[in-house]
Amino acid sequence: MLLLTNEYPPSTYGGAGVHVEYLSRELAKLMPVEVRCFGDQRVRSGNLTVRGFQLDMAGWKCPKGLCSTLGAVQRCIDFNAAGIDAQIVHCHTWYTHWGGILARKNYGIPLVITVHSLEPLRPWKREQLGGGYDFSLWVEKTALEMADAVIAVSNETRADVARLFKVKSERLHVIYNGIDLDEYRPMKSKDALRKFGIDSEKPYLLFVGRITRQKGIIHLVRAIEFMDKNFQVVLCAGAPDTPEIAREMKSAIEQARRARDGIIWIDQMLGKPSVIQLYSHAAVFCCPSIYEPFGIINLEAMACETAVVASKVGGIKEVVVDGETGFLVPLAQMKESPFEPTHPEKFARDLAVKINELMRDEKLRARFGRAGRLRAEKKFSWHAIAQETKSLYQALIAKKANGAG
């Protein structure tokens, strides 16, 4: 199997990269797997081979916003020019879709695409990509409608794909994201807390994620003014999509700090051991996303036995059980502007109400935390997800061998 991805460790900044890392590792227990990704990675371990493809942009004169788009196209060509002898090509995120299209056309192998997010539902990406956003829309639509199988990471995402694209129902499948339950579990060590000035004797609210419209971080920062002042707020938030949202984040933090103390902003993306420590000792984890096909960060927090407050959108509703593993906060959105709540102040206040409720009730937090861990164990193991993926691969290979289209 050949997996194509933008992200792969150590260059991972989002849920898609986490997904490919663990899926490739589990699949390699079942079959030979090659990962081709953006970067300089070189790994060979048993059945798993990882090869990064670098980019020389010396002499490029295109607008800066187009560099990531055209860089993705160049790497996708390089993926193919390196030669492919796999039976399946499996793409993750639109950055690699051109590579999947070329592999299917030129090498005659089935194309599988896992949908981690959908470009029509992320219009704010135009701020980052400029005209490249029009290309991302086109290449995603072309690849999805051509693919031999499309994997949605939640039932909500499956419905979005069916609504937005012409994908035959028999080619559309749901396979959830997963979690490494041995790695993501409560940790006793607290050195990461000390490093970033978090008082381990006082409870804290935690956010982990990128500074992007999709993750709703600005709404959470604006909710701070409505929160009780007897707990800390830890925002592990880095990798801003654009200079504009970076400035907006800085301004919102400054305003929140004028109203209260105890706001700790870790403006970088941390390694897993540090993040797991933060999850483990947090009183509450908050995911205020305004668009989330799955929301693997909620699953990571649950595996670390941390109660969750999350927006009631997308695949989050299939991960977090309202009133059992955490609270879900409804989010109404405007049709003409799907990246903004209809009533942003109400959303901020509603987030704060549920956060305050949990922060005041230690027994409820503990109950939600235990239930979250149990749900992660029962439903989201990577072993089961790899087995489902393998079965899909086998069906596609058999179909091709029988000459079916």
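**Strands S9 and S10.** I began with strand S9 (residues 204-210) and strand S10 (residues 232-238), which pair in the parallel sense over seven bridges. Looking for a register point between the two, I found Tyr 204 standing opposite Gln 232 in S10. I then checked how far S9 is covered, and seven of its seven residues turn out to be buried. I note here that I am reading a predicted model.

**Ala 239, after S10.** I followed the chain into the loop between S10 and helix H9 (243-259), where Ala 239 lies. I recorded for Ala 239 a positive phi of about 50°, although this residue is not a glycine. Its relative accessible area is 37%, so I entered Ala 239 as partly exposed.

**Glu 305.** I also looked up Glu 305, another residue that is not a glycine and yet has a positive phi, here of about 65°. I placed Glu 305 in the loop between helix H11 (296-303) and strand S13 (307-311). With a relative accessible area of 38%, Glu 305 is partly exposed.

**The eight-stranded sheet.** I traced an open sheet of eight strands with mixed pairing, and wrote down its order as S3-S4-S2-S1-S5-S6-S7-S8. Its edges are strand S3 (42-45) and strand S8 (172-174), each of which pairs on one side only. Ignoring direction, I noted that neighbouring strands of this sheet are turned by 20° against each other on average. Within the sheet I looked at strand S1 (residues 2-5) and strand S2 (residues 33-38), which pair in the parallel sense over four bridges. Here Leu 4 stands opposite Arg 36 in S2.

**Pro 9 and Pro 10.** I next inspected the loop between S1 and helix H1 (15-27), which holds Pro 10. The peptide bond leading from Pro 9 to Pro 10 is cis, and I noted its omega as near 10°.

**Gln 54.** I went on to the loop between strand S4 (48-53) and helix H2 (67-81), where Gln 54 is found. Is Gln 54 exposed or buried? Its relative accessibility is 56%, and because the cut-off for exposed is over 50%, I counted Gln 54 as exposed. Leaving aside residues up to four places away in sequence, I found that Gln 54 touches Gly 39, Asp 40 and Arg 75. I also looked up Val 18, which is 36 residues from Gln 54 along the chain, and the C-alpha atoms of the two are separated by 20 Å.

**Helix H6 and Glu 170.** I saw that helix H6 (residues 155-164) lies across strand S6 (111-115), strand S7 (149-152) and S8, and that H6 runs at about 165° to S8. In the loop between H6 and S8 I located Glu 170, which is exposed, with a relative accessible area of 54%. Between the C-alpha atoms of Glu 170 and Asp 148, which are 22 residues apart along the chain, I noted a separation of 9.6 Å.

**Helices H3 and H5.** I closed with helix H3 (residues 97-107) and helix H5 (residues 132-146), whose axes come within 9 Å and cross at roughly 40°. I therefore entered H3 as oblique to H5, and the crossing as left-handed. From H3 the contact draws on His 97, Trp 98, Ile 101, Arg 104 and Lys 105, and from H5 on Trp 138, Val 139, Glu 140, Thr 142, Ala 143 and Met 146. By class, I recorded six nonpolar, two polar and three charged residues in this contact of H3 with H5.

Notes: Residues are numbered from 1 along each chain as its sequence is written. This is a predicted model: local features need pLDDT of at least 70, side-chain atom pairs count only at pLDDT 80 or more; totals for chains, interfaces and linings use all residues. Side-chain values use heavy atoms; hydrogens and water are left out. Axes are lines fitted to C-alpha atoms, for helices over the stretch in contact, and angles run from 0 to 180 degrees between N-to-C directions. Angles under 35 degrees count as roughly parallel, over 145 as roughly antiparallel, 65 to 115 as roughly perpendicular and the rest as oblique. A crossing is left-handed if the near helix is turned anticlockwise from the far one by less than a right angle, and right-handed if clockwise. Contact means heavy atoms within 4.5 Å. Ala, Val, Leu, Ile, Met, Phe, Trp, Tyr, Cys and Pro count as nonpolar, Asp, Glu, Lys and Arg as charged, and the others, Gly among them, as polar. Two strands pair if DSSP finds at least two bridges between them. Buried means under 20% relative accessible area, exposed over 50%, partly exposed in between (1.4 Å probe, protein chains only).
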